[in-house]
Amino acid sequence: MDNNYKTTAFIITAVVIETTSIKSLYDSWKRIRVEGDSQAYYETYFEKDGRRHRIITAQQSVMGMTAATVLTMKAIEKFRPRYVIMSGIAAGTGDEAKQIYGDVIVPDVIWDYSTGKFVGPDETEIRFGDIGFLPRPRSVYTDEKIIDIVKSTMGREDNEFHVHIGPLACGSSVVANRAVVEKQVLSLFPKTVGLDMESYSVAFACQNSTAPQPIPIIIKSICDFANSEKSDQYQKFAAYTSSGYVKYLIENYLPLE
């Protein structure tokens, strides 16, 4: 590992079910206390090619982009990870013929669909009753080398996970209405494969941090389809497949030196 980096990977989660799944990957987590910081951090190690590699994980204090930004920046400044990985659950945007519960999403583009201006219904094509929304989306991109690595794992016999690569939409609200997906997301980025509430901030923070900047990787799995049938039924399974692919990628394919 580059001497400027002190940690192989920092894994961020947003909710307890995601944290529990990450911690199930290894047995030897140890709490790290940082003076002046109430955040709970946990570290473990794995060995590869005779060398020990450090992983740290932490859960946001609350859901959403603001908390994601704060935790990411603290992680970078305190632990200098080579990779910042966000693991967890997300909504899929496709139908069940193309996406199923537990499918993994690794976005090549992460974009903020919630940024814009509320206007009159006659001023925009995105309308919700008498309210119009004029979007001003912003995007960040995943490192092409990471996407190439992910592509190389797809279809391999040792890869038990079904992975989708495509744009991931990020916004500040939970979505349980298909009209929002159709009007505010797919109308702007038709190939968007999922939605979540934190990923844009994690990637943006990494790409705008002090040097050495970590490489952000978003790995989310589908637990619902952002419609009126949205429920918590598949959250545990989605957290399992997301965290499982995180471990598979770190230990087998990500450059660690």
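1. A good place to start is Arg82, which sits in strand 5, the run covering residues 81-92. Please keep in mind that this is a predicted model.

2. Is Arg82 buried or exposed? With a relative accessible area of 16%, Arg82 counts as buried, because the cut-off for that label is under 20%. Leaving aside residues up to four places away in sequence, Arg82 touches Tyr5, Thr7 and Thr8. The other contacts of Arg82 are Pro214, Ile215, Pro255, Leu256 and Glu257.

3. Strand 5 also takes us to the largest pocket, since strand 5 is one of the elements that supply at least two residues each to its lining. Helix 1 (16-23), strand 12 (194-196) and strand 13 (215-224) do likewise. The volume of this pocket is about 320 Å³.

4. Which residues lie nearest the centre of the largest pocket? They are Met63, Ile89, Val174, Met197 and Lys230, out of 23 residues that line the pocket. Sorted by class, the lining has 14 nonpolar residues, seven charged and two polar.

5. Elsewhere, have a look at the open sheet made by three strands in the order 7-9-8, with antiparallel pairing. Strand 7 (116-119) and strand 8 (127-128) are at the edges with a single partner strand each, so one side of each has no neighbour in the sheet.

6. Finally, a detail from that sheet: strand 8 and strand 9 (residues 131-135) run antiparallel and are joined by two bridges. Phe128 has Ile131 of strand 9 as its bridge partner.

Note on methods
Residues numbered from 1 in each chain as written. Predicted model: local features only at pLDDT ≥ 70, side-chain atom pairs only at ≥ 80, totals over all residues. Heavy atoms only, no water. Pairing = 2+ DSSP bridges. Helix = DSSP H or I, 4+ residues; strand = E, 2+ residues; numbered from the N terminus. Buried < 20%, exposed > 50% of the residue type's maximum accessible area, 1.4 Å probe, protein only. Contact = heavy atoms within 4.5 Å. 1 Å grid on protein atoms, 1.4 Å probe; cavity = no way out; pocket = protein on both sides within 12 Å on 5 of 7 lines; lining within 4 Å. Points joined across faces, edges and corners; volume = space filled by probe spheres on them. Nonpolar A, V, L, I, M, F, W, Y, C, P; charged D, E, K, R; others polar.
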